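Work through these exercises with the model open beside you. Try each task before reading its solution.

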There are 2 protein chains.
Amino acid sequence: MANQEVKLLGVWESPFSKRVEIALKMKGVEYENVEEDLSTKSPQLLKYNPIHKKVPVFLHNGKPIVESLVILEYIDETWKSGTPLLPQDPLERATSRFWAKFIDDKLLPAAVKFVGSKGGEQDVEEIVELLSKLENELKDKKFFGGESIGLVDIVGSIIALWIDVIQEAVGVEIFTKEKHPKLFKWSEDFMDCSIIKETLPPRADLLAFWQSRLQPSATSG
Amino acid sequence: MANQEVKLLGVWESPFSKRVEIALKMKGVEYENVEEDLSTKSPQLLKYNPIHKKVPVFLHNGKPIVESLVILEYIDETWKSGTPLLPQDPLERATSRFWAKFIDDKLLPAAVKFVGSKGGEQDVEEIVELLSKLENELKDKKFFGGESIGLVDIVGSIIALWIDVIQEAVGVEIFTKEKHPKLFKWSEDFMDCSIIKETLPPRADLLAFWQSRLQPSATSG
(Lines give C-alpha, C1' and ligand atoms only; values in the text may rest on other atoms or scores of the structure.)
Protein backbone atom coordinates (compact mmCIF):
# COMPACT_ATOMS: atom_id res chain seq x y z
CA MET A 1 0.00 0.00 0.00
CA ALA A 2 2.85 2.40 -0.83
CA ASN A 3 2.24 5.81 -2.43
CA GLN A 4 -1.34 5.90 -1.36
CA GLU A 5 -3.23 9.03 -0.56
CA VAL A 6 -5.39 8.95 2.55
CA LYS A 7 -7.25 12.12 3.36
CA LEU A 8 -10.04 13.01 5.77
CA LEU A 9 -12.34 15.99 5.52
CA GLY A 10 -13.62 16.57 9.03
CA VAL A 11 -14.22 19.02 11.85
CA TRP A 12 -12.56 18.89 15.26
CA GLU A 13 -15.80 18.96 17.25
CA SER A 14 -17.50 16.10 15.38
CA PRO A 15 -17.64 12.65 16.99
CA PHE A 16 -18.14 11.22 13.48
CA SER A 17 -14.89 12.70 12.17
CA LYS A 18 -13.02 11.56 15.25
CA ARG A 19 -14.25 7.97 14.83
CA VAL A 20 -12.47 7.79 11.51
CA GLU A 21 -9.25 9.23 12.94
CA ILE A 22 -9.26 6.71 15.80
CA ALA A 23 -9.70 3.83 13.34
CA LEU A 24 -6.88 5.08 11.09
CA LYS A 25 -4.54 5.36 14.08
CA MET A 26 -5.49 1.87 15.27
CA LYS A 27 -4.50 0.59 11.83
CA GLY A 28 -1.31 2.66 11.77
CA VAL A 29 -2.40 4.44 8.58
CA GLU A 30 -0.93 7.86 7.91
CA TYR A 31 -3.46 10.42 6.72
CA GLU A 32 -3.92 14.06 5.97
CA ASN A 33 -6.61 15.73 8.05
CA VAL A 34 -8.37 18.63 6.32
CA GLU A 35 -10.32 20.79 8.77
CA GLU A 36 -13.57 21.91 7.15
CA ASP A 37 -15.59 24.99 8.01
CA LEU A 38 -19.21 23.90 8.09
CA SER A 39 -20.52 27.46 7.90
CA THR A 40 -19.17 27.69 4.34
CA LYS A 41 -19.06 24.16 2.94
CA SER A 42 -16.00 23.75 0.75
CA PRO A 43 -16.22 22.86 -2.94
CA GLN A 44 -14.47 19.57 -2.21
CA LEU A 45 -16.95 18.65 0.54
CA LEU A 46 -19.85 19.30 -1.86
CA LYS A 47 -18.06 17.45 -4.66
CA TYR A 48 -17.28 14.34 -2.66
CA ASN A 49 -20.47 14.13 -0.59
CA PRO A 50 -23.16 15.57 -2.85
CA ILE A 51 -25.91 13.46 -1.24
CA HIS A 52 -25.52 14.43 2.41
CA LYS A 53 -23.05 17.38 2.20
CA LYS A 54 -21.63 16.38 5.58
CA VAL A 55 -18.34 15.45 7.20
CA PRO A 56 -16.59 13.10 7.52
CA VAL A 57 -15.55 12.42 3.95
CA PHE A 58 -12.84 9.81 3.64
CA LEU A 59 -10.71 9.89 0.50
CA HIS A 60 -8.57 6.92 -0.44
CA ASN A 61 -6.54 7.57 -3.56
CA GLY A 62 -9.13 10.13 -4.58
CA LYS A 63 -12.15 7.84 -4.10
CA PRO A 64 -14.67 9.21 -1.58
CA ILE A 65 -16.42 7.16 1.08
CA VAL A 66 -18.97 8.76 3.37
CA GLU A 67 -21.07 7.87 6.43
CA SER A 68 -18.83 7.15 9.40
CA LEU A 69 -19.98 3.55 10.02
CA VAL A 70 -19.46 2.75 6.34
CA ILE A 71 -15.99 4.32 6.48
CA LEU A 72 -15.05 2.30 9.57
CA GLU A 73 -16.00 -0.98 7.84
CA TYR A 74 -14.05 0.12 4.75
CA ILE A 75 -10.96 0.85 6.84
CA ASP A 76 -11.27 -2.52 8.59
CA GLU A 77 -11.54 -4.36 5.26
CA THR A 78 -8.77 -2.41 3.53
CA TRP A 79 -6.04 -2.44 6.18
CA LYS A 80 -6.14 -6.00 7.45
CA SER A 81 -2.73 -5.85 9.10
CA GLY A 82 -3.58 -3.37 11.88
CA THR A 83 -5.80 -3.88 14.91
CA PRO A 84 -9.16 -5.34 13.78
CA LEU A 85 -12.13 -3.10 14.48
CA LEU A 86 -14.63 -5.95 14.18
CA PRO A 87 -14.20 -9.46 15.60
CA GLN A 88 -13.83 -12.45 13.21
CA ASP A 89 -16.88 -14.47 14.25
CA PRO A 90 -20.03 -13.55 12.23
CA LEU A 91 -22.27 -13.58 15.32
CA GLU A 92 -19.91 -11.30 17.25
CA ARG A 93 -19.64 -9.04 14.19
CA ALA A 94 -23.44 -8.83 14.05
CA THR A 95 -23.56 -7.97 17.76
CA SER A 96 -21.00 -5.18 17.25
CA ARG A 97 -22.89 -3.78 14.27
CA PHE A 98 -26.14 -3.92 16.24
CA TRP A 99 -24.76 -1.84 19.12
CA ALA A 100 -22.97 0.63 16.84
CA LYS A 101 -26.29 1.15 15.05
CA PHE A 102 -28.07 1.42 18.42
CA ILE A 103 -25.79 4.27 19.42
CA ASP A 104 -26.35 6.11 16.12
CA ASP A 105 -30.06 5.43 15.71
CA LYS A 106 -31.26 5.64 19.32
CA LEU A 107 -28.73 7.29 21.63
CA LEU A 108 -27.73 10.13 19.30
CA PRO A 109 -31.27 11.36 18.54
CA ALA A 110 -31.99 11.13 22.28
CA ALA A 111 -28.91 13.28 23.00
CA VAL A 112 -30.06 15.83 20.42
CA LYS A 113 -33.48 16.00 22.12
CA PHE A 114 -31.82 16.31 25.55
CA VAL A 115 -29.85 19.33 24.32
CA GLY A 116 -32.90 20.77 22.55
CA SER A 117 -35.04 20.69 25.69
CA LYS A 118 -32.05 21.64 27.88
CA GLY A 119 -32.62 18.59 30.00
CA GLY A 120 -36.38 18.19 29.88
CA GLU A 121 -37.58 15.47 32.27
CA GLN A 122 -38.80 13.04 29.60
CA ASP A 123 -35.63 13.41 27.55
CA VAL A 124 -33.47 12.82 30.62
CA GLU A 125 -35.41 9.65 31.40
CA GLU A 126 -35.04 8.38 27.83
CA ILE A 127 -31.29 8.91 27.56
CA VAL A 128 -30.60 7.47 31.02
CA GLU A 129 -32.55 4.36 30.02
CA LEU A 130 -30.68 4.00 26.71
CA LEU A 131 -27.35 4.31 28.54
CA SER A 132 -28.56 1.61 30.95
CA LYS A 133 -29.08 -0.73 27.99
CA LEU A 134 -25.45 -0.16 26.99
CA GLU A 135 -24.34 -0.66 30.59
CA ASN A 136 -26.21 -3.96 30.56
CA GLU A 137 -24.56 -5.02 27.29
CA LEU A 138 -21.08 -4.18 28.58
CA LYS A 139 -21.50 -6.70 31.42
CA ASP A 140 -18.11 -7.28 33.01
CA LYS A 141 -15.99 -6.71 29.94
CA LYS A 142 -13.37 -3.99 30.05
CA PHE A 143 -14.35 -2.76 26.58
CA PHE A 144 -17.27 -3.58 24.30
CA GLY A 145 -14.59 -5.15 22.11
CA GLY A 146 -13.33 -7.30 25.03
CA GLU A 147 -9.79 -6.65 26.25
CA SER A 148 -9.08 -4.04 23.56
CA ILE A 149 -11.19 -1.37 21.92
CA GLY A 150 -13.23 -2.16 18.81
CA LEU A 151 -16.05 -0.76 16.67
CA VAL A 152 -18.58 -0.21 19.48
CA ASP A 153 -16.00 1.48 21.70
CA ILE A 154 -14.98 3.83 18.88
CA VAL A 155 -18.61 4.69 18.11
CA GLY A 156 -19.20 4.95 21.87
CA SER A 157 -16.65 7.75 22.20
CA ILE A 158 -19.76 9.92 21.91
CA ILE A 159 -20.64 8.74 25.43
CA ALA A 160 -17.20 8.96 26.95
CA LEU A 161 -16.62 12.53 25.80
CA TRP A 162 -19.58 14.24 24.10
CA ILE A 163 -22.37 13.12 26.45
CA ASP A 164 -20.18 13.86 29.43
CA VAL A 165 -19.59 17.38 28.06
CA ILE A 166 -23.19 18.16 27.08
CA GLN A 167 -24.52 17.15 30.48
CA GLU A 168 -22.16 19.69 32.02
CA ALA A 169 -23.08 22.36 29.44
CA VAL A 170 -26.81 21.74 30.00
CA GLY A 171 -26.37 21.38 33.75
CA VAL A 172 -28.44 18.21 34.13
CA GLU A 173 -26.83 14.87 35.02
CA ILE A 174 -27.50 11.90 32.76
CA PHE A 175 -24.29 9.87 32.85
CA THR A 176 -22.57 9.47 36.21
CA LYS A 177 -20.65 6.90 38.23
CA GLU A 178 -23.77 6.40 40.36
CA LYS A 179 -26.24 5.96 37.50
CA HIS A 180 -24.08 3.79 35.24
CA PRO A 181 -21.10 2.42 37.22
CA LYS A 182 -19.87 -0.06 34.59
CA LEU A 183 -20.30 2.27 31.65
CA PHE A 184 -18.65 5.04 33.63
CA LYS A 185 -15.64 2.81 34.39
CA TRP A 186 -15.56 1.88 30.69
CA SER A 187 -15.48 5.57 29.74
CA GLU A 188 -12.55 6.18 32.10
CA ASP A 189 -10.60 3.23 30.69
CA PHE A 190 -11.46 4.26 27.13
CA MET A 191 -10.38 7.87 27.62
CA ASP A 192 -7.16 6.58 29.14
CA CYS A 193 -6.07 4.77 25.93
CA SER A 194 -3.17 6.62 24.32
CA ILE A 195 -4.75 6.68 20.83
CA ILE A 196 -7.97 8.12 22.26
CA LYS A 197 -6.14 10.75 24.30
CA GLU A 198 -4.17 11.96 21.31
CA THR A 199 -7.17 11.96 18.94
CA LEU A 200 -10.18 13.34 20.78
CA PRO A 201 -10.37 17.10 21.29
CA PRO A 202 -9.46 18.54 24.72
CA ARG A 203 -12.49 18.36 27.02
CA ALA A 204 -12.21 22.04 27.96
CA ASP A 205 -12.36 23.12 24.29
CA LEU A 206 -15.40 20.96 23.58
CA LEU A 207 -17.13 22.21 26.73
CA ALA A 208 -16.51 25.85 25.71
CA PHE A 209 -17.88 25.02 22.24
CA TRP A 210 -21.08 23.55 23.68
CA GLN A 211 -21.48 26.24 26.33
CA SER A 212 -21.32 28.92 23.65
CA ARG A 213 -23.86 27.01 21.51
CA LEU A 214 -26.25 26.74 24.44
CA GLN A 215 -25.99 30.40 25.45
CA PRO A 216 -28.81 32.65 24.34
CA SER A 217 -27.60 34.52 21.26
CA ALA A 218 -25.87 37.81 22.15
CA THR A 219 -27.78 39.56 19.38
CA SER A 220 -31.24 38.38 20.39
CA GLY A 221 -33.63 40.09 22.79
CA MET B 1 -23.68 -26.79 8.18
CA ALA B 2 -25.80 -29.88 8.79
CA ASN B 3 -28.44 -30.04 11.51
CA GLN B 4 -28.66 -26.32 11.87
CA GLU B 5 -31.75 -24.48 12.91
CA VAL B 6 -32.61 -21.39 10.90
CA LYS B 7 -35.75 -19.58 11.93
CA LEU B 8 -37.23 -16.21 11.09
CA LEU B 9 -39.80 -14.32 13.13
CA GLY B 10 -41.48 -11.95 10.70
CA VAL B 11 -44.71 -10.59 9.28
CA TRP B 12 -45.84 -10.96 5.68
CA GLU B 13 -46.40 -7.25 5.06
CA SER B 14 -42.97 -6.11 6.31
CA PRO B 15 -40.28 -5.21 3.76
CA PHE B 16 -37.72 -5.84 6.51
CA SER B 17 -38.85 -9.44 7.06
CA LYS B 18 -38.95 -10.06 3.32
CA ARG B 19 -35.36 -8.82 2.88
CA VAL B 20 -34.17 -11.62 5.10
CA GLU B 21 -36.21 -14.24 3.25
CA ILE B 22 -34.83 -13.09 -0.12
CA ALA B 23 -31.27 -13.32 1.20
CA LEU B 24 -31.83 -16.82 2.62
CA LYS B 25 -33.25 -18.00 -0.69
CA MET B 26 -30.33 -16.48 -2.61
CA LYS B 27 -28.03 -18.51 -0.37
CA GLY B 28 -30.14 -21.64 -0.70
CA VAL B 29 -30.65 -21.83 3.06
CA GLU B 30 -33.72 -23.67 4.31
CA TYR B 31 -35.54 -21.87 7.10
CA GLU B 32 -38.67 -21.92 9.16
CA ASN B 33 -40.79 -18.80 8.85
CA VAL B 34 -42.80 -17.93 11.96
CA GLU B 35 -45.54 -15.40 11.24
CA GLU B 36 -45.83 -12.98 14.15
CA ASP B 37 -48.88 -10.98 15.16
CA LEU B 38 -47.66 -7.49 15.96
CA SER B 39 -50.88 -6.57 17.80
CA THR B 40 -49.93 -9.06 20.52
CA LYS B 41 -46.15 -9.40 20.49
CA SER B 42 -45.21 -13.00 21.21
CA PRO B 43 -43.10 -14.01 24.22
CA GLN B 44 -40.37 -15.20 21.83
CA LEU B 45 -40.29 -11.86 19.98
CA LEU B 46 -39.90 -10.03 23.29
CA LYS B 47 -37.33 -12.55 24.47
CA TYR B 48 -35.14 -12.38 21.39
CA ASN B 49 -35.45 -8.67 20.59
CA PRO B 50 -35.87 -7.02 24.00
CA ILE B 51 -34.29 -3.76 22.82
CA HIS B 52 -36.47 -2.93 19.82
CA LYS B 53 -39.32 -5.51 20.18
CA LYS B 54 -39.63 -5.62 16.39
CA VAL B 55 -39.50 -8.09 13.54
CA PRO B 56 -37.54 -9.45 11.83
CA VAL B 57 -35.72 -11.60 14.36
CA PHE B 58 -33.35 -14.11 12.81
CA LEU B 59 -32.47 -17.17 14.85
CA HIS B 60 -29.49 -19.30 13.90
CA ASN B 61 -29.15 -22.32 16.16
CA GLY B 62 -31.03 -20.41 18.83
CA LYS B 63 -28.88 -17.27 18.65
CA PRO B 64 -30.87 -14.13 17.80
CA ILE B 65 -29.75 -11.46 15.35
CA VAL B 66 -31.90 -8.38 14.78
CA GLU B 67 -31.98 -5.28 12.52
CA SER B 68 -32.46 -6.34 8.90
CA LEU B 69 -29.23 -4.82 7.53
CA VAL B 70 -27.25 -6.51 10.29
CA ILE B 71 -28.98 -9.81 9.53
CA LEU B 72 -28.19 -9.51 5.80
CA GLU B 73 -24.49 -9.01 6.51
CA TYR B 74 -24.56 -11.96 8.92
CA ILE B 75 -26.14 -14.18 6.29
CA ASP B 76 -23.58 -13.08 3.71
CA GLU B 77 -20.69 -13.84 6.07
CA THR B 78 -22.10 -17.15 7.30
CA TRP B 79 -23.15 -18.81 4.03
CA LYS B 80 -20.24 -18.06 1.73
CA SER B 81 -21.17 -20.69 -0.82
CA GLY B 82 -24.38 -19.11 -2.11
CA THR B 83 -24.81 -15.95 -4.17
CA PRO B 84 -22.86 -13.10 -2.53
CA LEU B 85 -25.01 -10.22 -1.33
CA LEU B 86 -22.10 -7.79 -1.19
CA PRO B 87 -19.30 -7.48 -3.80
CA GLN B 88 -15.73 -8.43 -2.87
CA ASP B 89 -13.99 -5.10 -3.42
CA PRO B 90 -13.97 -2.91 -0.25
CA LEU B 91 -14.86 0.26 -2.18
CA GLU B 92 -17.81 -1.43 -3.90
CA ARG B 93 -18.89 -2.88 -0.55
CA ALA B 94 -18.80 0.62 0.96
CA THR B 95 -20.89 1.94 -1.95
CA SER B 96 -23.47 -0.81 -1.44
CA ARG B 97 -23.64 -0.15 2.29
CA PHE B 98 -23.98 3.58 1.64
CA TRP B 99 -27.02 3.13 -0.63
CA ALA B 100 -28.65 0.52 1.60
CA LYS B 101 -28.31 2.99 4.48
CA PHE B 102 -29.62 5.79 2.26
CA ILE B 103 -32.79 3.80 1.56
CA ASP B 104 -33.33 3.08 5.26
CA ASP B 105 -32.32 6.46 6.67
CA LYS B 106 -33.69 8.81 4.00
CA LEU B 107 -36.19 7.12 1.69
CA LEU B 108 -38.10 5.20 4.36
CA PRO B 109 -38.78 8.17 6.65
CA ALA B 110 -39.82 10.15 3.54
CA ALA B 111 -42.26 7.37 2.60
CA VAL B 112 -43.69 7.40 6.13
CA LYS B 113 -44.20 11.17 5.87
CA PHE B 114 -45.78 10.78 2.42
CA VAL B 115 -48.31 8.31 3.84
CA GLY B 116 -48.86 10.47 6.93
CA SER B 117 -49.75 13.57 4.90
CA LYS B 118 -51.57 11.44 2.28
CA GLY B 119 -49.41 12.90 -0.45
CA GLY B 120 -48.77 16.42 0.84
CA GLU B 121 -46.95 18.54 -1.77
CA GLN B 122 -43.69 18.93 0.13
CA ASP B 123 -43.52 15.22 0.99
CA VAL B 124 -44.15 14.29 -2.65
CA GLU B 125 -41.34 16.57 -3.75
CA GLU B 126 -38.97 15.09 -1.20
CA ILE B 127 -39.58 11.46 -2.07
CA VAL B 128 -39.45 12.09 -5.83
CA GLU B 129 -36.08 13.77 -5.35
CA LEU B 130 -34.73 10.91 -3.23
CA LEU B 131 -35.86 8.40 -5.85
CA SER B 132 -34.06 10.52 -8.48
CA LYS B 133 -30.83 10.15 -6.52
CA LEU B 134 -31.23 6.37 -6.69
CA GLU B 135 -32.07 6.61 -10.40
CA ASN B 136 -28.86 8.56 -10.85
CA GLU B 137 -26.84 5.97 -8.94
CA LEU B 138 -28.30 3.10 -10.98
CA LYS B 139 -26.88 4.62 -14.17
CA ASP B 140 -27.09 2.02 -16.94
CA LYS B 141 -26.69 -1.05 -14.77
CA LYS B 142 -29.44 -3.66 -14.82
CA PHE B 143 -29.34 -4.02 -11.03
CA PHE B 144 -27.61 -2.00 -8.32
CA GLY B 145 -25.54 -5.15 -7.88
CA GLY B 146 -24.64 -5.19 -11.60
CA GLU B 147 -25.89 -8.13 -13.65
CA SER B 148 -27.43 -9.89 -10.67
CA ILE B 149 -29.24 -8.64 -7.58
CA GLY B 150 -27.30 -7.76 -4.43
CA LEU B 151 -27.72 -5.95 -1.11
CA VAL B 152 -29.04 -2.64 -2.51
CA ASP B 153 -31.55 -4.41 -4.75
CA ILE B 154 -32.83 -6.49 -1.82
CA VAL B 155 -33.15 -3.40 0.39
CA GLY B 156 -34.65 -1.57 -2.61
CA SER B 157 -37.55 -4.03 -2.81
CA ILE B 158 -39.29 -1.36 -0.74
CA ILE B 159 -39.35 0.76 -3.92
CA ALA B 160 -40.30 -1.98 -6.37
CA LEU B 161 -43.27 -3.13 -4.33
CA TRP B 162 -44.10 -1.08 -1.25
CA ILE B 163 -43.69 2.42 -2.70
CA ASP B 164 -45.55 1.35 -5.82
CA VAL B 165 -48.38 0.11 -3.63
CA ILE B 166 -48.58 3.09 -1.26
CA GLN B 167 -48.72 5.58 -4.12
CA GLU B 168 -51.77 3.72 -5.41
CA ALA B 169 -53.34 3.53 -1.94
CA VAL B 170 -52.71 7.25 -1.33
CA GLY B 171 -53.69 8.14 -4.90
CA VAL B 172 -50.72 10.42 -5.60
CA GLU B 173 -47.99 9.45 -8.08
CA ILE B 174 -44.40 9.50 -6.88
CA PHE B 175 -42.73 6.65 -8.78
CA THR B 176 -43.63 6.19 -12.44
CA LYS B 177 -42.02 5.27 -15.76
CA GLU B 178 -42.08 8.96 -16.71
CA LYS B 179 -40.54 10.33 -13.52
CA HIS B 180 -37.86 7.65 -13.03
CA PRO B 181 -37.45 5.63 -16.25
CA LYS B 182 -34.28 3.73 -15.23
CA LEU B 183 -35.43 2.99 -11.71
CA PHE B 184 -38.81 1.92 -13.05
CA LYS B 185 -37.17 -0.49 -15.52
CA TRP B 186 -35.04 -1.76 -12.62
CA SER B 187 -38.17 -2.40 -10.56
CA GLU B 188 -39.73 -4.39 -13.42
CA ASP B 189 -36.60 -6.51 -13.86
CA PHE B 190 -36.31 -6.97 -10.11
CA MET B 191 -39.92 -8.06 -9.66
CA ASP B 192 -39.43 -10.47 -12.53
CA CYS B 193 -36.69 -12.47 -10.73
CA SER B 194 -38.04 -15.87 -9.68
CA ILE B 195 -36.81 -15.58 -6.06
CA ILE B 196 -38.46 -12.17 -5.72
CA LYS B 197 -41.73 -13.36 -7.23
CA GLU B 198 -41.95 -16.31 -4.87
CA THR B 199 -40.95 -14.31 -1.77
CA LEU B 200 -42.70 -10.95 -1.86
CA PRO B 201 -46.40 -10.84 -0.96
CA PRO B 202 -48.98 -10.60 -3.77
CA ARG B 203 -49.40 -6.97 -4.82
CA ALA B 204 -53.20 -7.13 -4.46
CA ASP B 205 -52.94 -8.32 -0.84
CA LEU B 206 -50.48 -5.58 0.09
CA LEU B 207 -52.62 -2.96 -1.64
CA ALA B 208 -55.71 -4.12 0.28
CA PHE B 209 -53.66 -3.97 3.51
CA TRP B 210 -52.58 -0.38 2.83
CA GLN B 211 -55.99 0.72 1.59
CA SER B 212 -57.58 -0.52 4.79
CA ARG B 213 -54.90 1.23 6.86
CA LEU B 214 -55.53 4.50 5.06
CA GLN B 215 -59.29 4.35 5.34
CA PRO B 216 -60.88 6.41 8.10
CA SER B 217 -61.67 4.03 10.94
CA ALA B 218 -65.11 2.41 10.61
CA THR B 219 -65.75 3.02 14.31
CA SER B 220 -64.93 6.70 14.28
CA GLY B 221 -67.31 9.58 13.46
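**Exercise 1.** This is a predicted model. Find how β3(B) and β4(B) pair, and which residue of β4(B) is the bridge partner of Phe58(B).

Solution. Step one: compare the strand directions. β3(B) and β4(B) run antiparallel and are joined by 4 bridges. Step two: start at Phe58(B). Its bridge partner in β4(B) is Ile65(B). Step three: look at what lies on the sheet. Helix α3 (residues 68-78) of chain B packs there, touching β3 and β4 of chain B. The direction of α3(B) makes about 125° with that of β4(B).

**Exercise 2.** Find the neighbours of β1(B) and the sense of each pairing.

Solution. Step one: take β3 (residues 57-60) of chain B. It pairs with β1(B) in the antiparallel sense, over 4 bridges. Leu9(B) has Val57(B) as its bridge partner there. Step two: take β2 (residues 32-35) of chain B. Its pairing with β1(B) is parallel, again over 4 bridges. Here Lys7(B) stands opposite Glu32(B). Step three: follow the chain from β1(B) to β2(B). The path goes through helix α1 (residues 15-27) of chain B, and this β-α-β crossover is right-handed.

**Exercise 3.** Put the strands of the chain B sheet in order and name the edge strands.

Solution. Step one: the order is β2-β1-β3-β4, an open sheet of 4 strands with mixed pairing. Step two: β2 and β4 of chain B each pair on one side only, as edge strands. Step three: the twist averages 20° from one strand to the next.

**Exercise 4.** Is β1(B) largely enclosed or open?

Solution. Step one: check both faces. Val6(B), Leu8(B) and Gly10(B) point one way, Lys7(B) and Leu9(B) the other, and all are buried. Step two: conclude. 5 of the 5 residues of β1(B) are buried, so the strand is largely enclosed by the rest of the structure.

Note on methods
Residues numbered from 1 in each chain as written. Chains lettered and ligands numbered in written order. Predicted model: local features only at pLDDT ≥ 70, side-chain atom pairs only at ≥ 80, totals over all residues. Heavy atoms only, no water. Buried < 20%, exposed > 50% of the residue type's maximum accessible area, 1.4 Å probe, protein only. Helix = DSSP H or I, 4+ residues; strand = E, 2+ residues; numbered from the N terminus. Pairing = 2+ DSSP bridges. Right-handed = clockwise from strand over helix to strand, strands pointing away. Axes fitted to C-alpha atoms, helices over the stretch in contact; angles between N-to-C directions. Contact = heavy atoms within 4.5 Å.
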